[in-house]
Amino acid sequence: MTMYYRIWGDHMGGLEQKLYYDNYSPIGDIAVIAMCFVILILIYTSYVSKTRAFFLFNVIIGLIFLAAGSNILYHYQLSGITSDEGHFIVYLMNFLYHTALYGILYVFVLYIIDVQRLEMSKRRPILIIATVLFFVSVLFDLIGIVKKTGFHINADGTATDGKNIFPLAYVGFVAIIMYLMIVYRNRIFKQVMRGFYGTMLVAFIIISIQYLNNQSSFTVTTFLFPTIAMLYIIHSNPYNIELGAINITAMEDMIRYSYERERTLIIMSLYIKEFDEEGKNFPKEIQAVIRRFAGEFFRGAFLFQVNNGHMILLADKHLNPDSESRIISMFSEFNEEYLKHKLDYKIVYGLTMEEVSRNNEYISFIRHIHKHMGYNEKHQITQEDVDLFNKYEYILKELADIYRGGNLRDPRVLAYCQPVFNVKTGRYDTAEALMRLKLQDTGLVFPDQFIPLAEENGFIHTLTKIILQKTCDEIRYLIKEGYEVNRISVNVSVLELRDDNFCKDISEIIEGSDIPNEKVAIEITESQSDKDFDVMKNRISVLKEKGIKFYLDDFGTGYSNMERIMELPFDIIKFDRSLVMASDADAKSETMVGGLANMFSDMNYSVLYEGVENEVDEKRCINMSASYLQGFKYSKPIPIMDLKNFFSKIEESA
Ligand code: C2E
Ligand code: CA
Ligand code: CA
């Protein structure tokens, strides 16, 4: 096949005219080069995940650039030729052009394999075929040029394609790509696949029209289309243009990328309570402040939006070696803004920590820190935070395991208890069960470290069932051994009551343990919500019917809505330690606490004082209508097996 090239003199003006029938205009390739620059500008001004696929994407852009450039130069050089002498540049450019196109197709294949996460065994045959195709094509072109059987320049300065493998290689690569995109289509989100099919269809239509019209100006352009799809669908993480924030996946990518390269990042986390609600809009002036803070204080910083009220700014430490002074000036401006807007906030800041980066856990790490700090504070991340967080994660994992296991005698959940002194008899015949965890890595864990965690994650009811089971086992043992056991109380979270199976679960365990229902009491704290109140009322009445006793826990710490308390049939009101302490402060408070206690006992409730630590407390409480006393004065919490050391045998007490 011989091709006669006519110059694109019309466009370049002043160049000698030549004959050809293959219409080439550099307009397509010039546009491609311009587009490559546009793409480069976009990827270096937006946040792009630095994955392996992104590296391949860059290679593709480079090759497209090379293809367009060499094609322009090739045609330009060719147009000035009148003989077959010394046209090294023409040969070189033709060769480069074809090699770059094969290269693009080859890297497309690598790219798709990477994005589809093909396993080694499936990847290998495809890789071998594509690599062979690439080298055979390049070699074929090279041999053609050297032997003059392929592309060469005739004596009159016209160019001949000769034996040309390009269309064949093109079809070969497209076949491999189609194979991958059809056979493994389910590995990628359907919508994304449609994006690629669509752009490839457009490319194919243009190539076909070109071919039918003997055109070659837009060949490289068609290679650009799938690349634009890649940029748009896979690599771009659009900014929220009002805040300048990017989504959370992008943040995880950035952390992973830095961790793999052992680079430290500066972290600035801002939580604003006011906006911590889906769909709550930031006023314009706050948006402007956030934009300014995201852009002004650190070089190369990116802002990520965790959720509506929580944002995290990350910046490379090595780009900001003076980060400490930057942080100081940021905070001083922040404080000024705070005075203007008065929005409650929590700031957590510092450098990335290896252990947290390893599993990319900053969001839960920061949320964990939030729990232990107050509003309008700025907390600097320390190793201690990491250690606490690791412990917390470990406990959470163990709790999940206990929950899944469902073993009501799980050895990791320990029943401790505190004997309660009965004022009337002067003996110990009741006790409160208190939970502890005993875990391999941490040893004994106290309730403040795991009860809230268990509540938040829906594990609390399982823990209650375990404590109840172990308490019932102990009650049975004590009864069998002849001890006088009035009852043992177990703590229950308000959250658990919402479960429709609550009453059934509790009765099953008690009945299964072969002990009378009245040997068990349940302690609940007051709840504030109307919905919980109705549920609580229902549960208490169902279980009371069976003889189970109920204690109101922590009276004096919550709302102490007397009207509601009276509506619930409690047996014992537990006065919190704070009331015991208050009554010690002055005569007026003592009169008040005593008056409350009197009122309750007049209405047939028993009053129990918690946190009785010494004889002074004891005396005062006895004077304030105490029926029961509990506290360190009598005993610290002990393993439930040791309760027998406090209880008396029935024959002794008789
Ligand atoms: P609580 O129900 O008010 O339990 C009494 C807490 O006061 C216990 O803390 C006990 O060790 C402590 N205490 C006892 N006597 C004194 C004293 O004289 N002075 C002082 N300062 N403190 C005293 P513990 O065991 O750490 O339990 C803390 C909280 O954890 C409990 O408060 C309860 O709300 C929760 N909890 C414990 N076990 C369970 C359980 O099995 N289930 C549920 N849902 N919550 C539990
Ligand atoms: Ca309690
Ligand atoms: Ca209490």
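Biologist: What spacing do the donors of the calcium ion (ligand 3) follow along the chain?

Modeller: In this predicted model, the donors of the calcium ion (ligand 3) follow the spacing D-D-x55-E. Residues are numbered from 1 along each chain as its sequence is written, while chains are lettered from A and ligands numbered from 1 in the order in which they are written. Local features need pLDDT of at least 70, side-chain atom pairs count only at pLDDT 80 or more, and totals for chains, interfaces and linings use all residues, with side-chain values taken from heavy atoms, leaving out hydrogens and water.

Biologist: What makes Asp553, Asp554 and Glu610 donors of the calcium ion (ligand 3)?

Modeller: Asp553 (OD), Asp554 (OD) and Glu610 (OE, listed twice) coordinate that ion at 2.2 to 2.5 Å. A donor is an N, O or S atom within 2.8 Å of the metal, or 3.2 Å for Na, K and Ca, and water is not among the atoms, so sites may look incomplete. Asp553 lies in strand β14 (residues 549–555) and Glu610 in strand β16 (residues 606–610), 57 residues apart; strands here are DSSP runs of E with at least two residues, and helices are runs of H or I with at least four, numbered from the N terminus.

Biologist: Which residue bridges the calcium ion (ligand 2) and the calcium ion (ligand 3)?

Modeller: Asp553 bridges the two ions, which lie 3.8 Å apart. Around the calcium ion (ligand 2), Asp553 (OD) is joined by Glu432 (OE), Asn491 (OD1) and Glu523 (OE), at 2.1 to 2.3 Å, and the donor residues are spaced E-x58-N-x31-E-x29-D. Of these, Asn491 belongs to strand β12 (residues 487–491), 62 residues apart from Asp553 in β14.

Biologist: Why is Asp553 called buried?

Modeller: Asp553 has 9% relative accessibility, so it counts as buried, the term for values under 20% (exposed is over 50%, partly exposed in between, with a 1.4 Å probe and protein chains only). Asn491, in contrast, is at 28% and therefore counts as partly exposed.

Biologist: How do you know that strand β4 and strand β7 pair?

Modeller: Pairing requires that DSSP finds at least two bridges, and β4 (residues 265–272) and β7 (residues 345–351) have seven, in the antiparallel sense. Within the pair, Ile266 stands opposite Leu351 in β7. Both strands belong to an open sheet of six strands with mixed pairing, in the order β3-β5-β6-β4-β7-β8.

Biologist: What makes β3 and β8 edge strands?

Modeller: Each of them, β3 (245–246) and β8 (377–380), pairs on one side only. Helix α11 (residues 323–341) packs on this sheet and touches β4, β6 (310–316), β7 and β8, where contact means heavy atoms within 4.5 Å.

Definitions and conventions:
Axes fitted to C-alpha atoms, helices over the stretch in contact; angles between N-to-C directions.
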